[in-house]
Amino acid sequence: MTNKPTPDNETTLPDAVPGQEVQDTTPAAEGPPAGPHADEIARLTDRLKRALADAENARKRADAARREGFDQGVVQAVRAFAPALDALALEIAAAQDSPDAEDPRVRHHLEGLRNIRSTFEAALNVLGIDVVAPADGSFDPARHEALATAARPGTPAGQVIELHRPGFALKQRLIRPAQVTVSADGGEED
């Protein structure tokens, strides 16, 4: 047996008591406060709004300073490790060009060096570092340092023809330019 209300036993409350006026309980539209303390309330409200805006601006400045500090630390770390990466690249090239390159000990050594290089490259990627290593692209003086020019038949002037050392960039910030050889005038065949 359930006690469900039926139309016979429902109790309804009147919206208003007869003879009594119903009061509006909806919030009033925002506007200037009225009363004896209206000026003080307006002044304190203005101060509160300004304090909140100042706090938000301070938070934004602190976030920007934190990001800049992190980026600066990354730049310093890349500059410190770049010579080690260069030496690693030279060691890999030397092992590949060695007359003993097929010797199992040299092959295992080379495999280990390549694994170390891969680990460094993965770490650079995690930190948001772009490796500037142009391969047969146009010379960009903002990102490349030309160490030499050389005429190469079939290659138009201003093309990168050899990479000597990769560069590094963080976002739009160049940490170190790539060192390259660039094709010179007279390299095109007629």
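The paragraphs below lead from the overall fold of this predicted model through its helices to its pockets and a few single residues.

The secondary structure of the chain amounts to 2 helices and 6 strands, and, read from the N terminus, these elements follow the order α-α-β-β-β-β-β-β. Of the 190 residues in the chain, 19% are buried. When contacts between residues at least 6 apart in sequence are considered, 62% of them join residues at least 24 apart.

Helix H2, which covers residues 104-126, is a convenient place to begin. Its 23 residues should span 33 Å at 1.5 Å a residue, and because the C-alpha atoms at its ends are 33 Å apart, the expected and computed spans agree. At the N-terminal end of H2, Asp-103 acts as a cap, with a side-chain oxygen 2.8 Å from the backbone nitrogen of Arg-105; just after the helix, Gly-128 adopts a positive phi of about 85°. The buried residues of H2 are Leu-110, Leu-113 and Leu-124, and the elements against which the buried residues of this helix pack are H1, strand E1 (129-132) and strand E4 (167-170).

The packing between the two helices can be followed from the other side by way of Leu-88, which is located in helix H1. Leu-88 counts as buried because its relative accessibility is 10%, which falls under the 20% cut-off for that class. Leaving out residues up to four places away in sequence, Leu-88 touches Leu-113, Ile-116, Arg-117 and Phe-120. One of these, Arg-117, is 29 residues from Leu-88 in sequence, yet the C-alpha atoms of the two are 7.1 Å apart in space. As background to such a set of contacts, an α-helix has 3.6 residues a turn, so residues three or four places apart point the same way.

Arg-117 also leads to the pockets. Rolling a probe the size of a water molecule over the atoms shows where empty space is left. The largest pocket holds about 250 Å³ of space, and of the 14 residues that line this pocket, those closest to its centre are Leu-85, Ala-89, Arg-117, Glu-121 and Pro-166. Helices H1 (38-97) and H2 each supply at least two residues of the lining, with the largest share, 7 residues, coming from H1. By character, the lining of the largest pocket divides into 10 nonpolar, 1 polar and 3 charged residues.

The second largest pocket has a volume of about 160 Å³, and its lining consists of Asp-86, Ala-89, Leu-90, Ala-133, Leu-163, His-164, Arg-165 and Pro-166. Two or more of these lining residues come from each of H1 and strand E3 (160-165). The lining of the second largest pocket comprises 5 nonpolar, 1 polar and 2 charged residues.

Among the strands, Gln-179 offers a further point of reference, placed in strand E6 (residues 178-183). With a relative accessible area of 16%, Gln-179 is buried, and, apart from neighbours within four places in sequence, the residues in contact with Gln-179 are Glu-145, Leu-147, Glu-162, Leu-163, His-164 and Arg-165. Leu-163, His-164 and Arg-165 are also among the residues that line the second largest pocket.

A last backbone detail concerns Lys-171, which is found in the loop between E4 and strand E5 (173-176). Most residues other than glycine have a negative phi. Lys-171, although not a glycine, has a positive phi of about 60°.

Conventions. Residues are numbered from 1 along each chain as its sequence is written. This is a predicted model: local features need pLDDT of at least 70, side-chain atom pairs count only at pLDDT 80 or more; totals for chains, interfaces and linings use all residues. Side-chain values use heavy atoms; hydrogens and water are left out. On a 1 Å grid over the protein atoms alone, a cavity is a set of points where a 1.4 Å probe fits but cannot get out, and a pocket is an open set with protein on both sides within 12 Å along at least five of seven lines; lining residues have an atom within 4 Å of a point. Grid points are joined across faces, edges and corners, and a volume is the space filled by probe spheres set on the points. Helices (H or I, at least four residues) and strands (E, at least two) are DSSP runs, numbered from the N terminus. Ala, Val, Leu, Ile, Met, Phe, Trp, Tyr, Cys and Pro count as nonpolar, Asp, Glu, Lys and Arg as charged, and the others, Gly among them, as polar. The expected span of a helix is 1.5 Å times one less than its number of residues. Buried means under 20% relative accessible area, exposed over 50%, partly exposed in between (1.4 Å probe, protein chains only). Contact means heavy atoms within 4.5 Å. A polar contact is a pair of N or O atoms within 3.5 Å; within protein, one must be able to donate a hydrogen and the other to accept it, and residues adjacent in sequence count only if both atoms are side-chain atoms.
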